[in-house]
Amino acid sequence: MKMAISPEDEHEQSETQADERSALRICIACRKTYEAESLLRFVVSPSLELVFDVKGIAPGRGAYVCANAVCFQNAVKKRAFNRSFKGSILVDYENLKASVKERLQKSILENLGLAFCAGQCVVGRTKVQEDSVSDKIKAIVMACDLSTRSLNELDFDEFCLKKNVMLLSGPSKNLIGQSLGRSVTGVVALLKGRISDRIVCDLLRWQFLNNPGEQMNEEISNG
Ligand SMILES: [Zn+2]
């Protein structure tokens, strides 16, 4: 029998806070507190299906889980979603994980396309290292299917360290290329700005779902 879901909506701190990024939420698996945007937010559809809320703004009650395989798996195994939504929710771990990754990847690619149109990202190794550009870079995204040879040739480690730039792994060369409306693209530099913040946030969550046990977010102590 399906149980009714509590009609109470969560009270979003973000509505009253000027800076919604500072909203804190508790992971339903490990019970630790993190910044909401580093977590995965889920809502429940009218048919009691769990839906990943990629932008974190869907109305209604939400449940938050760390973007790592351990907390995500524990939340499903220990039926934390049922407790959180006070109802019986059907959850298939593998399907849910695949849908989370797919939605994050879609969001990353859409925003990369927008950023490219808006001149907020730069393509090509030479361009990235130009002085006029390099100081504006927030992160460098490398396609996940770059060959070891390309990785060695590119060698952005030192550059990123020197410039205090994040180095992130992203979708495939083909997908990145498509999203920018050009051919296969292995490396993209994101310039500092709101859209890049969004892409980085999605990339971190997308990456860390692949790495069991690794923690991307910093716990916020309650004390
Ligand atoms: Zn957690």
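**Exercise 1. Determine how strand S3 is paired with strand S4, and what connects the two.**

Solution. In this predicted model, S3 runs antiparallel to S4 (residues 50–52), and three bridges join the two strands. One pair can be located by residue: Phe42 has Phe52 in S4 as its bridge partner. Next, follow the chain from S3 to S4: five residues lie between these strands, and the unit is a hairpin. Its turn includes Leu48, with a positive phi of about 60°.

**Exercise 2. Find the strand order of the open sheet that contains S3, and name its edge strands.**

Solution. Begin with the second partner of S3. Strand S3 (residues 39–44) is joined to strand S5 (residues 63–66) by four bridges, and these two run antiparallel. Within this pairing, Arg41 is matched with Tyr64 of S5. Combining both pairings gives an open sheet of three strands, ordered S4-S3-S5, with antiparallel pairing. S4 and S5 each pair on one side only, which makes them the edge strands. On average, neighbouring strands in this sheet are turned by 35° against each other, direction ignored.

**Exercise 3. Establish which residues touch the most other members of the largest nonpolar core, and where this core lies relative to domains 1 and 2.**

Solution. The core has 52 residues, and those touching the most other members are Cys27, Leu39, Val65, Ala75 and Leu190. By element, helix H3 (residues 93–117) gives the most, with seven residues. Then consider the domains: domain 1 (13–91) and domain 2 (106–208) both supply residues, so the core lies between them. Leu39 can serve as a local example. Once neighbours within four places in sequence are set aside, its contacts are Arg25, Cys27, Tyr34, Tyr64, Val65, Cys66 and Ala67.

**Exercise 4. Locate Leu48 and Lys86, give the phi of each, and decide whether each is buried, partly exposed or exposed.**

Solution. As background, most residues other than glycine have a negative phi. Leu48 sits in the loop between S3 and S4, and its phi is positive, near 60°. Lys86 sits in the loop between helix H2 (80–85) and H3, and its phi is positive as well, near 50°. For exposure, the cut-offs are 20 or more other C-beta atoms within 10 Å for buried and 12 or fewer for exposed. Leu48 has 15 C-beta neighbours inside 10 Å and is therefore partly exposed. Lys86 has 14 other C-beta atoms within 10 Å, so Lys86 is partly exposed.

Technical notes. Residues are numbered from 1 along each chain as its sequence is written. This is a predicted model: local features need pLDDT of at least 70, side-chain atom pairs count only at pLDDT 80 or more; totals for chains, interfaces and linings use all residues. Two strands pair if DSSP finds at least two bridges between them. A nonpolar core is a set of buried Ala, Val, Leu, Ile, Met, Phe, Trp, Tyr and Cys residues joined through C-beta atoms within 7 Å. Domain bounds come from an automatic or database domain assignment. Two residues are in contact if their C-beta atoms, placed from the backbone, lie within 7 Å. Axes are lines fitted to C-alpha atoms, for helices over the stretch in contact, and angles run from 0 to 180 degrees between N-to-C directions.
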